[in-house]
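Me: I would like a close look at one small part of this model. Please start there, then work outward to the rest.

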Amino acid sequence: MDASELDRILVQHRREPSQLLQILIDVQEQAGWLPPDVISAIASALAVPRVRVESTASFYSFLHTQPAGEYRLLFSDNITDRMLGNTGLMSALCEQLWLEPGRLSEDGLVRVDTTSCTGMCDQGPALLANGRAITRLTVDRINEMAHLVRSRVPIGDWPPEWFEVADNIQRRDVLLDHRLSPGEALAAALDRGAAGLLAEIERSSLRGRGGAGFGSDIKWRSCRDAWGDAHYVICNADEGEPGTFKDRVLLNSYFDLVVDGMCIAGLAIGSSKGFIYLRGEYRYLLDRLQARLAQRREQGLLGRNILGRGFSFDIDIHLGAGAYICGEESALIESLEGKPGKPRIRPPFPVTNGYRGQPTTVNNVETLALAALIAVRGGEWFRAIGTPASTGTKLLSVSGDVARPGIYEFPFGVTVADVLQAAGARDTLAVTSAGAAGHCLDEHEFGRRIAFEDVATGGSIMVFDRSRDMLEVARNFAHFFAHESCGFCTPCRVGTVVVARLIDKLAAGRGSPYDLEEMAKMHVLMQGASHCGLGNTATIAVNDMLSRFRSVFESRLQSSEYEPAFDLDAALSRARQMTGRDDPGAHLGSNLSAIDTHRHPPDWGDATYAPFPATPSPAKDEQP
Amino acid sequence: MKDTFLLDGEEVAFTPGQTVMQAATAAGKYIPHLCWHPDFAAHGSCKLCTVRIDGRLATACTVRAAAGQSVESETEELADKRRTLLQLLFVEGNHFCPSCEKSGDCVLQATAYRLGMLSPHFDHFYPDRAVDASHPDVLLDFNRCIMCELCVQASRDIDGKDVFALSGRGTRSHLIVNSVSGQLAETRFAASDRAATICPVGVILRKRVGFAVPIGKRTYDREPIGAVRADTVHTDKEPG
Amino acid sequence: MAGKLKVSTVSLAGCFGCHMSLLDIDERLLTLLERVEFDRSPITDIKHCSPCDIGLIEGGVCNAENVHVLREFRANCKVLVALGACAVNGGLPAQRNALDVGEILQMVYRTGHGLAPGSAVPDDPELPLPLNQVHPVHEVVRIDYFLPGCPPSADAIWSFLNDLIEGRAPRLGHGLLQYD
């Protein structure tokens, strides 16, 4: 990348250190990766230590500090993509391009790998081609893609229909059928004034739609009341939970309502500045969203003196770069400040110490859109929908084994069974009720209700029928968390990897009852001791699967005897290769068979010595 | 007049603004910890100081003391969690004590002794990061890092040099230094920096003094960690 | 008091330092022998385990033979103890784990200095093949107790064995629990 091009990007970002992540994203879009000399140049231009630039550059999956190829093809690897056959398609593509997954081709042309859920579960298998979403992959598309790569056809010239993303709205309710014109909600809010608006939000009992369900009025009031030089509104569009894609649809087709909601939040908390933190996977939406913001400025619906009413509020869009953890609000703020997305110590919470240390409200895309509805129709109207503790409707992203995957807007209180029926699910074995980070329900629980007081969810509903292997689901989730842990705290950084290895061990047929105990133990540790929601929720679904579908896991236990996690026979492979040996002594079998051969009749030495349980017990590897 | 809270049933006085850890330490009570150091802002990453505050799990280094709080620390449940956390750290890195100069002065090792950790329990990760011997006075062994960022803080906030940072994400997290080559010799680091002596484990080691004090006569050979007076628990200051 | 407890000991990928430390209990060995008899052990030169009460494993698992011996101990010992740093965490031999064992064999037998012409990697079926990595014993079989140390001191071994013989959960106080 030449110096003038870098300079243009730096100037565009005002050489502002908090724009570091945005600068790195822009540089990579031009150069394909982040070479060491460019990292040094950015550090000196921003007057920050080089080590900090490197720290940010190395944190995000979509940034590369090594050459990454002219074509960077990342298959979405959510369990729903797997169920739609992404693994076979990826192998086929690699075979045609003569590549190993995850390795750059020798000519530096192309690299094929996997990435976490890209939010296209209703139209997968999906992939990202240099950051641009491609949906509905088929064998034909893969064959043609291999040809296009080999012929070095620029991605911009690939068949446009590949890049089509459908909304797939299957059920509309008050939000998806809102019939408001752009700015209408904002005008209504201005009529009510900040105090009147907050009163309506309070009356509505609106709770945050990200999943945690914090009262929106409380969040906005505490933010408003917090002292600061400036207040900020952040729209959390880092929709990373595997299986959720509702924010994609809201941003694509309901963007004005979301922007109205942000302006309304600004009015409520006394802020004139908002940010949309858009996940990197939704990069394809960016240009259109930017253009619409510009239009709104021209229309007097954004910027200075909105609607001529003396209220000013403007919005910047920041991109993420492949880090699920940035959905956590304090990690998102760190990322917005250009740093690695590692959650902060809380308290203090963002409402008092958020972006640049100032009072900040971070709200889900859906929450903001609903706030806009409430500004027009009032809190009483909203509270009449749903249940007393969970008012209003909820957008559900439904995918997996259903006839009609897509977005379903239901009033809170709908049963899981009703959702399954609406989506055309048949022969359902299990439902994950809140993505990889939430509970997994079996058929006895389908009568439960979607609501904060029962089945709480951010909206990701993945459905698995009886043909599915829940161990593979658990394995997919466990690897997702191991990949997405930010690495800050011990239990999550190491624990997620330990759990993933344990499930791999079961899947490889080397599990024993000890390994199931270990998984349960890791769940207890991580759920209480982790620094943030990621670690605290990373084992919930897996633990549910372990208890609800125990026989699935137990059927994989090859041995009542402890077996190593690694393949002992394979561990002799290099030595066999070097010596050319293949005699029986050059091989090893499993523990069970070997230990049985050695075991003498149950005539244990001295019968009087029995200080320890006769049945195997966990190792005494610690002392009280 | 000071406020008080209960730590394992005993009253501990605190001044407003102090964390549970600060108040406990000032009162001569030991709560196990690795990433916390009295001279630096709480990091909150190692989770060894996980306690129950009014029944809820929290880290003592990050939660402010409050009057009437009931803090449980010395319970079998918490000791068990702490041992597991230590075991996770031991298998994640290369903590082969017999070959480590820090043995006997190592906070990780001493804490594991105190909590009675007899084995690493989990399967080892066997990290393989090249050691950095480029600097004339100091050696870096990155395979022993526990990601506490004390060196990052010391170098940035006290030495004003920003020599260190953590790089990568998740289990690929690792310590890096501020130079294009990644070599310590090309940074502004000096053996007289606070960052040179702050490492609680054996990542940052001064050359040529590794065995000046023989094994058996080192800090935690003399007394277990936590039994040592609170103000001398942190051994990073040069021995007088 | 009923008959003596049977104890087997072995050194896998170890240096026999832990066994030396066991002998270092000196005259207490006589007291110990009032309570235990040694089965398979370098002390007796018995080649295979018969059913035992306690098995002490020194050293990690670096080759196929280590795996067979460790399994024989697991099958025959009521209580299996990882004795010393190498058994507990792989120890010094495990420091080769970042290297490729094939390249090591190549270097040692074929490309290293001072080798006779035509030197080759030995392929005698009598020799156990090395594993790709060295593993602590608990990564291969279930282990009941761990006594760390390089080696564990004679006092630590004495205290540990006494607890075990008396049916108490072994407990090592300050100075006895050492990893180095």
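In which sense do strand β3 (residues 50–53) and strand β4 (residues 56–59) of chain B pair, and over how many bridges?

Reply: Strands β3 and β4 of chain B pair in the antiparallel sense, over 4 bridges. Keep in mind that this is a predicted model. Within the pair, I53(B) stands opposite R56(B) of β4(B). The hairpin has 2 residues between its strands. One residue to inspect here is D54(B), which takes a positive phi near 45°.

β3(B) has a second partner as well. Strand β5 of chain B, residues 70–72, is joined to β3(B) by 2 bridges. These two strands also run antiparallel. Here R52(B) is set opposite E72(B) in β5(B).

How far can chain B be trusted? Its average pLDDT is 93, and 94% of its residues score at least 70. The exception to flag is residues 229–240 of chain B, where pLDDT stays under 50. For that stretch the model has 12 contacts beyond four places in sequence. Where pLDDT is low, the predicted coordinates should not be read in detail.

Now step out to the neighbours of chain B. Chain C puts 20 residues in contact with 17 residues of chain B. On the chain C side, the largest share comes from helix α4(C), residues 85–89, with 3 residues. By class, that side has 10 nonpolar, 8 polar and 2 charged residues.

Chain C also touches chain A. There, 44 residues of chain C meet 38 residues of chain A. Several elements of chain C supply at least two residues each, among them β1 (5–11), β3 (52–58), α5 (101–111) and β6 (130–135). Helix α3(C) gives the largest share, 7 residues. The class split on this side of chain C is 23 nonpolar, 9 polar and 12 charged.

Chain A comes next. Its pLDDT averages 94, with 96% of the residues at 70 or more. Residues 601–616 of chain A fall below 50. Beyond near neighbours in sequence, that stretch has 20 contacts in the model.

Take the helices of chain A first. α6(A) (residues 86–97) packs on α7(A) (residues 139–150) at an angle of about 30°. Their axes are 9 Å apart. Angles under 35 degrees count as roughly parallel, so α6(A) and α7(A) fall in that class. The crossing is right-handed. From α6(A), the residues in contact are L89(A), A92(A), L93(A), Q96(A) and L97(A). From α7(A) come V139(A), I142(A), M145(A), A146(A) and V149(A). The contact comprises 9 nonpolar residues, 1 polar residue and no charged ones.

A second helix pair follows. α8(A) (residues 184–204) and α11(A) (residues 255–269) pack at about 30°, with axes 9 Å apart. That angle therefore makes α8(A) and α11(A) roughly parallel. Their crossing is right-handed. On the α8(A) side, A185(A), L186(A), A189(A), L190(A), A194(A), L197(A) and L198(A) make the contact. On the α11(A) side, L257(A), D260(A), C263(A), I264(A), L267(A) and A268(A) do so. The tally for this contact is 12 nonpolar, no polar and 1 charged.

Chain A also holds an open sheet of 6 strands. The order is β5-β12-β11-β15-β13-β14, with mixed pairing. At the edges sit β5(A) (169–171) and β14(A) (440–442), each pairing on one side only. From one strand to the next, the twist averages 30°.

Inside the sheet, look at β11(A) (residues 393–400) and β12(A) (residues 406–411). They run antiparallel and are joined by 6 bridges. L396(A) has Y408(A) in β12(A) as its bridge partner.

Two helices pack against this sheet. α16(A) (residues 416–423) lies across β5, β11, β12, β13, β14 and β15 of chain A. It runs at about 140° to β12(A). α21(A) (residues 540–548) touches β13 and β14 of chain A. The direction of α21(A) makes about 25° with that of β14(A).

Back to your hairpin. The antiparallel β3(B)–β4(B) pair has its 4 bridges, and β3(B) is joined to β5(B) by 2 more.

Terms used: Residues numbered from 1 in each chain as written. Chains lettered and ligands numbered in written order. Predicted model: local features only at pLDDT ≥ 70, side-chain atom pairs only at ≥ 80, totals over all residues. Axes fitted to C-alpha atoms, helices over the stretch in contact; angles between N-to-C directions. Parallel < 35°, antiparallel > 145°, perpendicular 65-115°, else oblique. Left-handed = near helix turned anticlockwise from the far one by under 90°. Contact = placed C-beta atoms within 7 Å. Nonpolar A, V, L, I, M, F, W, Y, C, P; charged D, E, K, R; others polar. Pairing = 2+ DSSP bridges. pLDDT = per-residue confidence, 0-100.
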